[in-house]
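Subject: Handing over a structure

Dear colleague,

I am passing on the structure below, and after it I set out what was found, one part at a time. Please keep it open beside this message while you read.

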Amino acid sequence: MSLKSWLKRRREPDDESQPAVPAAPTEQDILVSLNRVHAMLTEGNAPPVVTSRVIRIARTINDTLPRLRHLGLGSMESYSVVATATDYLPEAVGGYLRLPREWADTRPIDGYKTSLMVLIDQLELLGSTMDKIFDAANRADAQALLAHGMFLESKFGHSGGTDMTLGSPDA
């Protein structure tokens, strides 16, 4: 290597030296991941107790996706929703489904807990976390509704007990 080529390489940024940052998952990527998890459950003949919990988590994620902007794009809650759909949920379900069914459902691996019990605990944690995040995403609109109600009440008076029947003006 000549000095000239070495200097040229030093001045020009090397595409290989800078790792490519993957793009953030889109809403479509998240939905594809959830569909992949559902397919894993079907192909792996997962027990209904697992399938029902995964469906609940997926439904909550689906309901939360349009509201992620209320949480802030860089928020921990937004990250948790995306990571649950694309990483945590597929990993938990996949780990369980890779085990032989009879063994996973009957042999204790954590004290007295079987792999099935461990997975259910993980799914319950993910489900309750997604519920809390969904509540937080809706809280902004709920607060706006309350504020609007207070405005209307201050503008037009109390809404309870007011006679709203239409009648003649002299009645």
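Before anything else, one definition is needed: a residue is called buried when its relative accessible area is under 20%, exposed when that value is over 50%, and partly exposed when it falls in between. With a relative accessible area of 39%, His-38 lies between those two limits and is therefore partly exposed. His-38 belongs to helix 2, and its C-alpha atom is separated by 9.3 Å from that of Pro-90, although the two residues are 52 apart along the chain. Please bear in mind throughout that this is a predicted model.

As for the chain as a whole, it has seven helices and two strands, and when you read along the sequence they follow the pattern α-α-α-α-α-α-β-β-α. The protein chain holds 171 residues, of which 27% count as buried. If you take the contacts between residues at least 6 apart in sequence, 68% of them join residues that are at least 24 apart.

Which residues touch the most other members of the largest nonpolar core? That core has 30 residues, and the ones in question are Val-50, Val-54, Ile-61 and Leu-89. At least two residues of this core come from each of helix 2 (27-43), helix 3 (48-64), helix 4 (68-71), helix 5 (76-97) and helix 7 (115-156). Leu-89 is a useful residue to look up, and once its neighbours within four places in sequence are left aside, its contacts are Leu-34, Val-37, Val-54, Ile-57, Thr-84, Leu-123 and Leu-126.

Next come the helix pairs. Two packed helices are described by the angle between their axes and by the distance between those axes. For helix 2 and helix 5, the axes come within 9 Å and cross at roughly 15°, which means that helix 2 is roughly parallel to helix 5. Their crossing is left-handed. On the side of helix 2 the contact is made by Ile-30, Ser-33, Leu-34, Val-37, Met-40 and Leu-41, while helix 5 contributes Val-82, Ala-85, Thr-86, Leu-89, Pro-90, Val-93, Gly-94 and Leu-97. Sorted by class, the residues of this contact are eleven nonpolar, three polar and no charged.

Helix 5 also meets helix 7, and here the axes come within 11 Å and cross at roughly 165°, so helix 5 is roughly antiparallel to helix 7. This crossing, too, is left-handed. The residues that helix 5 brings to the contact are Glu-77, Ser-80, Val-81, Thr-84, Tyr-88, Leu-89, Ala-92, Val-93 and Tyr-96, and those they meet in helix 7 are Ser-115, Leu-116, Leu-119, Gln-122, Leu-123, Leu-126, Met-130 and Ile-133. Together they divide into twelve nonpolar, four polar and one charged.

How are helix 3 and helix 7 arranged, roughly parallel or roughly antiparallel? Their axes come within 9 Å and cross at roughly 20°, and the two helices are therefore roughly parallel. The crossing of helix 3 and helix 7 is left-handed, and their contact has 14 nonpolar, four polar and five charged residues.

Finally, there is a detail of the backbone that you may wish to find for yourself. Most residues other than glycine have a negative phi. Asn-45, however, has a phi near 50°, a positive value in a residue other than glycine. Asn-45 sits in the loop between helix 2 and helix 3, and because its relative accessibility is 63%, it counts as exposed.

With best wishes

Note on methods. Residues numbered from 1 in each chain as written. Predicted model: local features only at pLDDT ≥ 70, side-chain atom pairs only at ≥ 80, totals over all residues. Heavy atoms only, no water. Core = buried A, V, L, I, M, F, W, Y, C linked by side-chain atoms within 4.5 Å. Buried < 20%, exposed > 50% of the residue type's maximum accessible area, 1.4 Å probe, protein only. Helix = DSSP H or I, 4+ residues; strand = E, 2+ residues; numbered from the N terminus. Contact = heavy atoms within 4.5 Å. Axes fitted to C-alpha atoms, helices over the stretch in contact; angles between N-to-C directions. Parallel < 35°, antiparallel > 145°, perpendicular 65-115°, else oblique. Left-handed = near helix turned anticlockwise from the far one by under 90°. Nonpolar A, V, L, I, M, F, W, Y, C, P; charged D, E, K, R; others polar.
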